[in-house]
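Morning, everyone. I have one chain to show you, and I will spend most of the time on its salt bridges. Have a look first.

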Amino acid sequence: MRLLVLRSAWGLRGLRDAPARTLAGLRSAGFDGLEASLEDLGASAEARAEAVRAARDEGLSLIISAYSSWANYEGPATEQLLSPPSAHLDRLTRELEAIAEASVAAGPLSPVLRVNAHSGSDAWSEDEAAAFLASAVEAASRIGEALPPVSHETHRGRALCCPFATARLLRRVPQLRLTSDLSHWVVKTERMLDTAPEQELLLGRVAPAVDHLHARVGTPQAPQVASLAESATTARAAERFYGWWEACWAAAEARSLSSRDSTLTATVEYGPAELGEDGQVLAGSYSPLDLHGRHVSGVGLDDTLAAAAAALRSRFERWHANAASRVAVLA
């Protein structure tokens, strides 16, 4: 198995204006690819196709985000999230179609590996969420092979905002695949979800449905931390998150026909940016914060993401070596 570590487009400058140069810099920084929204890639189909081809030419992988509302988490949220499920489905379907178009434009060697869908609203009943997610799965299927696989993110404000509801929804929509971002669930539930019953739920029902990870460490009071070594609290949180990611890797290995050829993906991220009343990005809003919400002096976003990527790769290599040893013993 191998792990591709992607960088989130949050805080990445120059992508729309100079995609080839920006993506070359991303490769030089050691990342395997980029996760970005359609809006991040360009304002038009032609501009987005150019960015996708630039990633292909640079040998980078892409994961493109699709939104059923509140794209990039910019602008007013409430009105968009409270729109009816039919409006969410229409918006998501249009975005999936646009992603398929951008992927096809890159030719047979398209770098687009996956779609990460930000789906639905936490204001809905479970019946509404189940119907919407089933329709979203059907919409992706109708688009066909031009569309890369779609996984739906476990995200606050969305239909999959709660681990317990998500487990029930997986029973009702068994074709549903997930992007797991444990930080959202830890903040929403205000606990690390590490009791025996919670572990049983996550490992038995959720992990087998996870196809992609957002590798961001959080705590019950903070969705993200700038440094895993900041305190004993962040160190404990990091160990909990690494354990969850390893469980997802193990589940992927178990369902793989050939673990030797399997590719896993994870995106490191920090954001999104804070916006002022004028809708513009606030100065310093991508500067990493400590547990008390203070800017960490001398630490930039790029350094934070590079450190997170290095730590993730190191942990994966250790886990993979141990997994290989277990296989050798069983053989």
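Of the chain's 331 residues, 51% count as buried. Keep in mind that this is a predicted model. The exposed surface comes to about 15,100 Å². Carbon and sulfur atoms supply 51% of that area.

Now the secondary structure. There are eleven helices and eight strands.

How do the contacts spread along the sequence? Take the contacts with a separation of 6 or more: 77% of them are between residues 24 or more positions apart.

On to the charged pairs. How many salt bridges does the structure hold? The count is 15. I will go through three pairs, then a network.

Pair one is a local one. Arg 91 and Glu 95 form a salt bridge through their side chains, at 3.0 Å from N to O. Why do these two sit about one helical turn apart? Because they are four residues apart in helix 5, which covers residues 85-105. Is Glu 95 buried or exposed? Glu 95 is buried, with a relative accessible area of 11%. Arg 91 has 23%, so Arg 91 is classed as partly exposed. The cut-off for buried is under 20%.

Pair two is Arg 216 with Asp 181. Their salt bridge has its closest N and O atoms 4.0 Å apart. This pair links distant parts of the chain, with the two positions 35 residues apart in numbering. Both partners are in loops. Arg 216 lies in the loop between strand 7 (210-214) and helix 10 (232-255). Asp 181 lies in the loop between strand 6 (178-180) and helix 8 (182-189). Arg 216 and Asp 181 are both buried.

Pair three joins two helices. The side chains of Arg 315 and Glu 246 make a salt bridge at 2.6 Å, N to O. Arg 315 belongs to helix 11, residues 301-330, and Glu 246 to helix 10. They are 69 residues apart, so here too distant parts of the chain are linked. Which class does each side fall into, buried or exposed? Arg 315 has 10% relative accessibility, so it counts as buried. Glu 246 has 18%, and that also counts as buried.

Last, the network. Which residues does it contain? Arg 114, Arg 177, Asp 211 and Arg 255 are joined into one network by salt bridges that share partners.

That is my tour. Over to you for discussion.

Note on methods. Residues are numbered from 1 along each chain as its sequence is written. This is a predicted model: local features need pLDDT of at least 70, side-chain atom pairs count only at pLDDT 80 or more; totals for chains, interfaces and linings use all residues. Side-chain values use heavy atoms; hydrogens and water are left out. Buried means under 20% relative accessible area, exposed over 50%, partly exposed in between (1.4 Å probe, protein chains only). Contact means heavy atoms within 4.5 Å. Accessible areas come from the Shrake-Rupley method with a 1.4 Å probe; for residues, only the protein chains shown count as cover.
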